[in-house]
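Grab your viewer and work through these short exercises. Each one sets a task and then walks through a solution.

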Amino acid sequence: MDELNSWHLLSTALENLNIKPSEVEKVLITHAHIDHAGLAYKWASQGVTILVNKKDIPAVELGSEHLILQKKLQRIDIIRYGFPEYLAADIFNNKKQSQLSWYSCAPENIEPPKKTYNLINGHNLKVLEAPGHTPGNLVCFIPQTGELFSGDTLLPTTIPTPGMHYISSQKMKENYKRWPSLPDFIDTVKSLQKLKVRYILPGHGTIVDDPQKLFKRFNTHHQIRAKRIRNLLAEHADTPFGLAKRQYPKIPEKRLIQAMIEIIGHLDMFLISKDVEVSEENNKLIYTSTK
Ligand SMILES: [Zn+2]
């Protein structure tokens, strides 16, 4: 779907609620992914203020340029993590993906959100920093109703990817480093679990009315994955790609990137807990268990 179709769908959905796009003053973006922030430029062009956490502002300002840069850095890195170079060429030259346009949003229309907004019905919308799915990821919570707008942090049918993100301090734009996302992602979900959540309104899919079940599924998923990776590392040291292949021997290699990204996330956790060490051999990163 292109961005004009999305705009049309959004306008129709607002009309059904008796809201005209011209009545909208502020749009809050949970995170800088094209399917959540791709229409920011369109709102901004109508004079709407776009609220984005400051860590995700560069991505919303740059749009496609950000996407292309991130893909370039991911491609270099996944090869260091053991992914075959010829398959990376295949995947990263995929025309369908590069056809997506993400228009840059005018910086003067973007600002970081306040911590709380008073809603028209007297309720409060709390804007919470929830790093993980992206570095500047936000969620919103209404304490009076227990509604959590989770963006892509919690989804009803899948465990969201921690992704591979490269960040740079604004002043040194060339000096990008991978940001270890899963440790923060897991901490974020732990802290959301402590809120009195009654409903989760996710960025994709239907409303969840049993939030504890979803929290539990998220935690169990990562506990099981962590254990499997520990067991594989106990057998022998490996690259993240090698670990993905051993974890999913029946899946074609080219489809292992997502699994690899999750494994890299767990290895980031193990590096913090000093359960693994990493070394470089022939430009590949090898992880060894310290236990
Ligand atoms: Zn997303």
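**Exercise 1. A lysine in its place**

In which helix is Lys71 found? Work out its burial class too, and keep in mind that this is a predicted model.

Solution. Start with the secondary structure: Lys71 sits in helix H5, which covers residues 64-80. Next, count neighbours: there are 16 other C-beta atoms within 10 Å of Lys71. A residue needs 20 or more to be buried and 12 or fewer to be exposed, so Lys71 comes out as partly exposed. To finish, pick a distant partner: Thr206 is 135 residues away along the chain, and the two C-alpha atoms are separated by 30 Å.

**Exercise 2. The whole chain**

Find out how the protein's radius of gyration compares with the globule rule.

Solution. First take stock of the parts: the protein has 11 helices and 12 strands. For 291 residues the globule rule gives 19 Å, and the radius of gyration is 20 Å, close to that, so the protein is as compact as a globular protein of that length. Then look at the box: along the principal axes, the C-alpha atoms fill roughly 60 × 40 × 35 Å. Now burial: 33% of the 291 residues are buried. Last, contacts: of those with a separation of 6 or more, 59% are between residues 24 or more positions apart.

**Exercise 3. Two partners for H11**

Describe how H10 and H9 each pack against H11.

Solution. Take H10 (residues 240-247) and H11 (residues 257-272) to begin with: their axes come within 9 Å and cross at roughly 115°. The crossing of H10 past H11 is right-handed. On the H10 side, the contact uses Pro240, Phe241, Leu243, Ala244 and Gln247, while H11 brings in Ala259, Met260, Ile263, Ile264 and Leu267. Sort those by class and you get 9 nonpolar residues, 1 polar and no charged ones.

Now for H9 (residues 211-235): its axis and that of H11 come within 10 Å, crossing at roughly 80°. Angles of 65 to 115 degrees count as roughly perpendicular, so that is the label for H9 and H11. Here Arg225, Ala226 and Ile229 of H9 meet Glu262, Ile263, His266 and Met269 of H11. The class tally for this contact is 4 nonpolar, 1 polar and 2 charged residues.

**Exercise 4. A valine in a strand**

Is Val139 buried or exposed? List what it touches as well.

Solution. Val139 belongs to strand E6, residues 138-142. It has 26 other C-beta atoms within 10 Å, so it is buried. Beyond its neighbours within four places in sequence, Val139 contacts Thr30, Leu128, Ala130, Leu148, Phe149, Ser150, Gly151, Thr153 and Leu192. Ala89, by contrast, is 50 residues from Val139 in sequence and 35 Å away in space, C-alpha to C-alpha.

**Exercise 5. Positive phi**

What is phi near for Asn18, and for Asn282? Place both residues.

Solution. Recall the background: most residues other than glycine have a negative phi. Asn18 has a positive phi, near 60°, and Asn282 has a positive one near 50°. Asn18 lies in the loop between helix H1 (3-16) and strand E1 (26-28). With 7 C-beta neighbours inside 10 Å, Asn18 is exposed. Asn282 is in the loop joining strand E11 (276-281) and strand E12 (284-289). Asn282 has 5 other C-beta atoms within 10 Å, so it is exposed.

Terms used. Residues are numbered from 1 along each chain as its sequence is written. This is a predicted model: local features need pLDDT of at least 70, side-chain atom pairs count only at pLDDT 80 or more; totals for chains, interfaces and linings use all residues. Axes are lines fitted to C-alpha atoms, for helices over the stretch in contact, and angles run from 0 to 180 degrees between N-to-C directions. Helices (H or I, at least four residues) and strands (E, at least two) are DSSP runs, numbered from the N terminus. A crossing is left-handed if the near helix is turned anticlockwise from the far one by less than a right angle, and right-handed if clockwise. Two residues are in contact if their C-beta atoms, placed from the backbone, lie within 7 Å. Ala, Val, Leu, Ile, Met, Phe, Trp, Tyr, Cys and Pro count as nonpolar, Asp, Glu, Lys and Arg as charged, and the others, Gly among them, as polar. Angles under 35 degrees count as roughly parallel, over 145 as roughly antiparallel, 65 to 115 as roughly perpendicular and the rest as oblique. The radius of gyration is taken over C-alpha atoms; the globule rule is 2.2 Å times the number of residues to the power 0.38.
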